[in-house]
Amino acid sequence: MGIEKECVMCGANFTTRSNKATSIYRCEACHSDKKQNRIMATYTKNLESQVVSLEDRVLRLESMLDTTVEIMVKAEVMNQLNHTPVVLDAVEKLKIDTEKKLMALNTRLVGMTGGHSFNKKKKKVKK
Ligand SMILES: [Zn+2]
């Protein structure tokens, strides 16, 4: 009907459940405490490794994001650099075209109303 022992943890007397329990040195409470501690230790260890792996993932994600943003910024800057001369060229072309058109229009205007014909008309009106 069990062996009476003194718990090595808390010093309390306790009776083992079996007569052959020679390897039992702790009372139920201390045994379950130790078990609890072991469970908690395992749980904590798992949690810690999970946190570590989560931190790793966050770090990897951050560096990935940094790289992505960096690439995107670089691409955008390159894009702008590549497009700026094109835009400037287009503006320059438009300016030249407009100037040409204005010149042509001016020439036509001068040809139609300018100089002699205008004076002739004026003279004709005056006459
Ligand atoms: Zn105990």
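In the predicted model, helix H1 spans residues 28-113 and comprises 86 residues. From its first C-alpha to its last, H1 reaches 120 Å, close to the 128 Å expected at 1.5 Å a residue. The course of H1 is interrupted by a kink of about 25° at His-83, a position that lies shortly before the proline Pro-85. H1 is also hardly covered by the rest of the model, as the count of buried residues among its 86 residues is 0.

The secondary structure of the chain as a whole amounts to 2 helices and 2 strands. Read from the N terminus, these elements follow the order β-β-α-α. Burial is likewise scarce at the level of the chain, with buried residues making up 1% of its 127 residues. Where contacts between residues at least 6 apart in sequence are considered, 0% of them join residues at least 24 apart.

Within the strand portion of the chain, Glu-4 belongs to strand S1, which covers residues 4-6. Glu-4 is classed as exposed because 8 other C-beta atoms lie within 10 Å, and a residue with 12 or fewer such neighbours counts as exposed. Leaving aside residues up to four places away in sequence, Glu-4 touches Asn-13 and Thr-15. For the pair Glu-4 and Thr-15, the C-alpha atoms are separated by 4.3 Å, although the two residues stand 11 residues apart along the chain.

Note on methods
Residues are numbered from 1 along each chain as its sequence is written. This is a predicted model: local features need pLDDT of at least 70, side-chain atom pairs count only at pLDDT 80 or more; totals for chains, interfaces and linings use all residues. Helices (H or I, at least four residues) and strands (E, at least two) are DSSP runs, numbered from the N terminus. The expected span of a helix is 1.5 Å times one less than its number of residues. The bend at a residue is the angle between axes fitted to the seven residues ending there and the seven starting there. A residue is buried if 20 or more other C-beta atoms lie within 10 Å of its own, exposed if 12 or fewer, and partly exposed in between; C-beta atoms are placed from the backbone. Two residues are in contact if their C-beta atoms, placed from the backbone, lie within 7 Å.
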